[in-house]
Amino acid sequence: MRTDTGHVFKLEDYRPSDYLILQTSLVFRLSPEATRVIATLTIERREGVAASAPLVLDGDGLTLLGIAIDGRDLQPQDYAATPDELAVLKPPAASRFELVLETEIAPARNEALMGLYRSSNVYCTQCEAEGFRRITYFLDRPDILSIYTVRIEAPHNEAPLLLSNGNPVDSGALADGWHYAVWHDPFPKPSYLFALVAGALGKVADSFTTLSGRTVELGIYVEPGKERLAGYAMDALKRSMKWDEEAFGREYDLDVFNIVAVSDFNMGAMENKGLNIFNDKYVLADEETATDADFANIEAIIAHEYFHNWTGNRITCRDWFQLCLKEGLTVYRDHEFSADQRSRAVKRIAEVRTLRAHQFPEDQGPLAHPVRPRRYREINNFYTATVYEKGSEVVRMIRTILGAEAFRAGMDLYFERHDGEAATIEDFLKVFEDASGRDLSQFALWYHQAGTPNLTVSSSHNARAKEFTLEIEQSVPPTPSESRKRLMHIPLGFGLVGAGGKPVSYDDVEGATVDNGVIHIRKRRHVVRFTGVAERPAVSLNRGFSAPVTLSVEQKTDDQFFLAGHDSDSFSRWQAFNTLLTDALIAAFRQVLGGKPPAFAQRLTELAGRIAADETLEPAYRALALSLPGEADIARDIGKGIDPDAILAAREALALAIARANRENFTGLYERLADKGPFSPDAASAGRRALRNILLDYLALLPEGAALAATHFRSASNMTDRAAALTVLAHRHAGSAEAQQALADFEAKYRNDALVMDKWFQIQAGVPGSKTVETVRALTGHPAFSMANPNRVRSLIGTFSSANQTGFHRADGEGYRFFAETVLEVEKRNPQVAARLATALRSWRSLEPGRQAKAREALLAIAAAQNLSADLRDIVERTLA
């Protein structure tokens, strides 16, 4: 485990390496405790670099067994080797030479799950960001592109399957029951994309015919006996391949494409060239074990990793500061894919909810950083919502500004100009400028500047002059290391809405560039005047969430109600209702703090009922609209002095008011939405289940709610309904006989299915209230739980700390104390997982003073631990700064 070195990497310090590695030949002789790796590297000195310049390679915990150059063993005085670095002190005078290294590693003891490790007796790798240096000494940086040939040797009875990147070129038997396979990847790639898998796995096989008529052999490898659970993943893969050809003109380039599902994985999945390695939760699914959300996630993540073949693999990032160039861009592509496969309106709302829940707090706290960071101490800690989700929004804004045709031309030029290269954000923006003739220099601040911009908007209407005016002012709050901000180019989608929801036309506009329903905000203040507007319209702003900003709008409540019922933009219609709900919850929060029972306007509860019953709206859309803003969302909008107990009380009071006002209608609709045919994971069916289950959540608050939820649980024919009912029982009726029985029945039925048991842990970790910390502590001793498995840890500890506001933020600080102990325990095995858990306290300064002090104590306790990893120390110190 690397402990903190204090070294800070800065974008401004980037320079190309003195050497390149043109060819990489690897031989693995696999053994759980002593795997031998022989690396033969064709090294080339860059032109202009002195022959005396030492060759310095990265390592991480390696044991060097041998080193030779051009067939000659090096003498000890010719090199300096430590577990973390190898320096060839006197390289040959020739500009090109062959370096042979032999190292030994122990995959079975690799609990950090980086480099080569074992998962359920299967050898597998994870090399992003800097895991390859745990396998052999290398120039382990993304701008070193090499052609790889890999030979894997292993006992046939232990590892009949031997996989690596590229195409298979040879295989055969060896002595003593061993065998080998050779793989060759003809496309240069960085070391972080290297992959190896070896073990006994079942296979689901299929094929895909590309646009040009080539046949690609497809394989998904899973634990033997689970092949039937990989069918949906295979279908999603084939749909992804077809979509990328149609939407972006990108055809797959190898003869084979393989996916391997493993049970121990730090991330969701990894896009290694031609051999994607997946967390098994994003591959395995059927109606008995997976929810509709699981099916949707599998579809999206299969697509995401496949799309990386071009945006990440064929074109990679020059350095880790450019991480958003592959991740943000590919998230945008998988969002577009999902929107086309499902409902664009529903998908957009879900994306924005995720962004606000995860990225907005990041921008508002001590861990804020630009989409392209300027400095880092541990790159593993920058796989963040800012890089992924905000990075996607920045790409979406480029499309909004340029239009679909120019955006596609820019993407085509990007693929043509930079194929086979390690590119930068500047390269990416330049292709769009060249394709469109537009200047994006001000827009580039979205990549370089941290923080969520805020737009303050007021409006007025002059009936006599037939003039409607918008006054818009932008500001960006200070963030760590950035107290002064520059003005952004913000594309603000808008609409002027008249009677019946019809658009209001205007003759002319001045004060800003306005085109295709977008106001281009470039200055601190714009006064935008629309002429020829006879009647005062309601103004619909940030339509489609055209920019990741917050809005402070002086708007009449009547206008909000009107837009919630009539706005033709589906996102803005949802946003209007969500704003009404948020405002009501914040008012109720203040009433609770003041010792008063919350009161809610009847028209708000009635509007909820009308939306639920509106058959012109998709069921999935109605389900999202009826989902109250989460406790963390409310806390973010309140800003300071947060009391999670008061927020929960306000939220429960509003939910109960809506349930009481709509009891009859909700009950009738709930009954009509029951599945009447066989299960299907398609979007329409999933939407109906989502609406029915959100209605169950409301109805469960009424006197007969526990019995209704228990019946729903017992009669459920799929995991979506079963898990929803269990959540309602555990969260709404914690401790009741119905809840205890359902939890016991669920455990008895699924105790041998780890992924389903994750749901059981997650549901209990999310139960609101002060008693949950004791429940979670006890569950860490459950036979199905393991601190060594990231999925188990995320399901229990991650849910408790990030999704249970009242349980985690218990007033006496016990949640924080338990959390600090657990984070340090996890860190001993897996620093990456521990560091990600620690981000749960990023918003500690927004809490009321008592909780704030106790949260700080927990962070200081973590910081004071001995031999803290670089990953965890980086997060804790930035959070405390």
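Contact here means heavy atoms within 4.5 Å. Keep that in mind for the exercises below, and note that this is a predicted model.

**Exercise 1. Find what surrounds Val-283, and place Val-283 in its core.**

Start with the neighbours. Leave out anything within four places in sequence, and Val-283 still touches Ile-220, Val-222, Leu-229, Ala-230, Ala-233, Ile-259, Ala-261, Phe-278 and Ile-298.

Now zoom out. The largest nonpolar core holds 164 residues, and Val-283 is among those with the most contacts inside it, together with Phe-28, Phe-194, Tyr-414, Phe-428, Tyr-447 and Ile-519. There's also a second, separate core of 115 residues, which includes Phe-666, Leu-729, Leu-779 and Phe-818. As a bit of background, nonpolar side chains in soluble globular proteins tend to be buried together.

**Exercise 2. Count the disulfides, then work through Cys-124 and Cys-324.**

The cut-off you need is 2.5 Å between two cysteine sulfur atoms. With that rule, the count is zero disulfides.

Take Cys-124: its nearest cysteine sulfur belongs to Cys-127 and lies 10 Å away, so Cys-124 is in no disulfide. Cys-124 is also buried, at a relative accessible area of 0%.

Next, Cys-324. The closest cysteine sulfur is in Cys-317, 8.8 Å off, which is too far for a bond. Cys-324 counts as buried too, with 3% relative accessibility.

**Exercise 3. Lay out the eight-stranded sheet and locate its edges.**

Write down the order: S6-S5-S9-S3-S2-S12-S15-S14, an open sheet with mixed pairing. The ends give you the edge strands, S6 (72-73) and S14 (167-173), each pairing on one side only.

Then look at one pair inside that order. Strands S2 (residues 19-29) and S12 (residues 146-155) run parallel and are joined by seven bridges. For a landmark, find Arg-29, which sits opposite Glu-153 in S12.

**Exercise 4. Trace the pairing from S25 through S26 to S31.**

Begin at S25 (residues 454-462). Strand S25 pairs with S26 (residues 467-475) in the antiparallel sense, over nine bridges. One position to check is Thr-456, opposite Glu-473 in S26.

Move to the turn. S25 and S26 make a hairpin with four residues between them, and Lys-466 in the turn has a positive phi of about 50 degrees.

Finish on the next pairing of S26: seven bridges link S26 to S31 (residues 525-531), again in the antiparallel sense. Here Glu-467 has Thr-531 in S31 as its bridge partner.

Key
Residues are numbered from 1 along each chain as its sequence is written. This is a predicted model: local features need pLDDT of at least 70, side-chain atom pairs count only at pLDDT 80 or more; totals for chains, interfaces and linings use all residues. Side-chain values use heavy atoms; hydrogens and water are left out. A nonpolar core is a set of buried Ala, Val, Leu, Ile, Met, Phe, Trp, Tyr and Cys residues joined through side-chain atoms within 4.5 Å. Buried means under 20% relative accessible area, exposed over 50%, partly exposed in between (1.4 Å probe, protein chains only). Two strands pair if DSSP finds at least two bridges between them. Helices (H or I, at least four residues) and strands (E, at least two) are DSSP runs, numbered from the N terminus.
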